[in-house]
Amino acid sequence: MSQTVTRTRWLVTKLGVVGVTAAAVAGLLSLAVTWWADPIDTAASAGGGGPFPARVSPLVFGARGIVPAGYAAFAFVLGVALGIVLRRTVTTMALTSAVFIAVQIAVPFTVRPHVLPPVQQTVTIDRTNIKSFRTDSSGQPRRLTVSSPPGAWVTANQTVDANGRAVATLPSWLTDCMPPPPGRRTHPRPDGPAARACFAKLNDLGYEQSLTYQPADRFWALQWAETMTFLVLSALLTGFCLWWTRHRLS
């Protein structure tokens, strides 16, 4: 019996059956994890998640929702594309892993923050919203952060001066009215009147905290946007595979 299955047909079948199956399995497993972790994610989004990060944050986002289906489709088609070009199994596996890991690192920090315009907010610094306060080795204040909206993914949390410019060095007198950093007890915690006077002075000088973040309620919008991005990349790689098979392997 003669061979009647062409390379192109074999490739289409492989990409269609195996690729779709891989994406579907990844998506179903991710949705199961999302369902199981829903109480934890709900608590984190409400501000009561304790040590658990919000689901919109990079540490959790890629393991929730539908986006793992897009990752799986992209990884599979990427491996096929590199395989038909390189024709070296070990080299293809190594390069596929390297490229996929690089993409997984790059996307959360260079693409995802800008898929939807981030919310920018300037807030007053006071005793109720101080989250952390750090000093350098000499005890000079270097950085403080304030609490963010519950469940938000904060990409910038910096102090600005009266002109709206980020400050590299905070006023030295802040050490007299801020709680000491964890593990350091170089000065006692201030009493109420002293702290209020200190924060009043900070506000009078025009210091505020600038926040840039993606709100918790954008989780599914970001999930769909990123999933579609990886599916489009998968489709482009599929087109490349078909072109290469027809024109280079014929």
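A salt bridge here is a side-chain nitrogen of Lys or Arg within 4 Å of a carboxyl oxygen of Asp or Glu. With that cut-off in hand, here are the close-ups, all taken from a predicted model.

**Figure 1. R112 and E226 pair up between helix α5 and helix α7.** The closest N and O atoms of R112 and E226 sit 2.7 Å apart, so the pair passes the 4 Å cut-off and counts as a salt bridge. R112 belongs to helix α5 (residues 89-115), while E226 belongs to helix α7. Along the chain the two residues are 114 positions apart, so this is a link between distant parts of the chain. Both partners, R112 and E226, are buried. As background, side chains of opposite charge can pair when their charged atoms come close.

**Figure 2. R64 meets D41 in a salt bridge.** Here the N to O distance is 2.8 Å. R64 comes from the loop between α3 (58-61) and α4, and D41 from helix α2 (residues 38-45). The two are 23 residues apart, and the pair links distant parts of the chain. Are these partners buried or exposed? R64 counts as buried because its relative accessibility is 12%, and D41 counts as buried because its relative accessibility is just 3%.

**Figure 3. The surroundings of R64, in the loop between α3 and α4.** Leaving aside residues up to four places away in sequence, R64 touches S30, V33, T34, A37, D41, F219 and Q223. D41 is the salt-bridge partner from the previous view. S30 gets its own close-up next.

**Figure 4. S30, a buried residue of helix α1.** Helix α1 covers residues 7-36, and S30 lies in it. The relative accessible area of S30 is 4%, which is why this serine counts as buried. Which residues does S30 touch, not counting those up to four places away in sequence? They are A63, R64, G65 and P68. So that you can tie the views together: R64 is in the contact list of S30, and S30 is in the contact list of R64.

**Figure 5. R165 and D161 form another salt bridge.** The side chains of R165 and D161 meet at 3.6 Å, N to O. D161 has a relative accessible area of 18%, and therefore falls under the 20% cut-off and counts as buried. A search of the whole structure turns up three salt bridges.

**Figure 6. Helix α4 packs against helix α7.** Helix α4 runs over residues 67-86 and helix α7 over residues 219-247. Their axes are 8 Å apart and make an angle of about 20 degrees. Angles under 35 degrees count as roughly parallel, so α4 and α7 get that label. The crossing of α4 and α7 is left-handed. What sort of residues make up the contact of α4 with α7? They divide into 17 nonpolar, six polar and one charged.

**Figure 7. R87, a residue with positive phi in the loop between α4 and α5.** Most residues other than glycine have a negative phi, and most peptide bonds are trans. The phi of R87, however, is near 55 degrees, a positive value in a residue other than glycine. With a relative accessible area of 57%, R87 is exposed.

**Figure 8. F109, an exposed phenylalanine in helix α5.** F109 counts as exposed because its relative accessibility is 57%. The C-alpha atoms of F109 and T155 are separated by 8.9 Å, and the two residues are 46 positions apart along the chain.

**Figure 9. A197 in helix α6.** Helix α6 takes in residues 192-204, A197 among them. At 48% relative accessibility, A197 counts as partly exposed. From C-alpha to C-alpha, A197 and C177 are 8.6 Å apart in space, with their positions 20 residues apart in sequence terms.

**Figure 10. Zooming out to the whole protein chain.** How many helices and strands does the protein chain have? There are seven helices and five strands. From the N terminus on, the order of elements is α-α-α-α-α-β-β-β-β-α-β-α. The protein chain holds 250 residues, of which 40% count as buried. Take the contacts with a separation of 6 or more: 75% of them come from residues 24 or more positions apart.

Note on methods. Residues are numbered from 1 along each chain as its sequence is written. This is a predicted model: local features need pLDDT of at least 70, side-chain atom pairs count only at pLDDT 80 or more; totals for chains, interfaces and linings use all residues. Side-chain values use heavy atoms; hydrogens and water are left out. Axes are lines fitted to C-alpha atoms, for helices over the stretch in contact, and angles run from 0 to 180 degrees between N-to-C directions. Helices (H or I, at least four residues) and strands (E, at least two) are DSSP runs, numbered from the N terminus. Angles under 35 degrees count as roughly parallel, over 145 as roughly antiparallel, 65 to 115 as roughly perpendicular and the rest as oblique. A crossing is left-handed if the near helix is turned anticlockwise from the far one by less than a right angle, and right-handed if clockwise. Ala, Val, Leu, Ile, Met, Phe, Trp, Tyr, Cys and Pro count as nonpolar, Asp, Glu, Lys and Arg as charged, and the others, Gly among them, as polar. Buried means under 20% relative accessible area, exposed over 50%, partly exposed in between (1.4 Å probe, protein chains only). Contact means heavy atoms within 4.5 Å.
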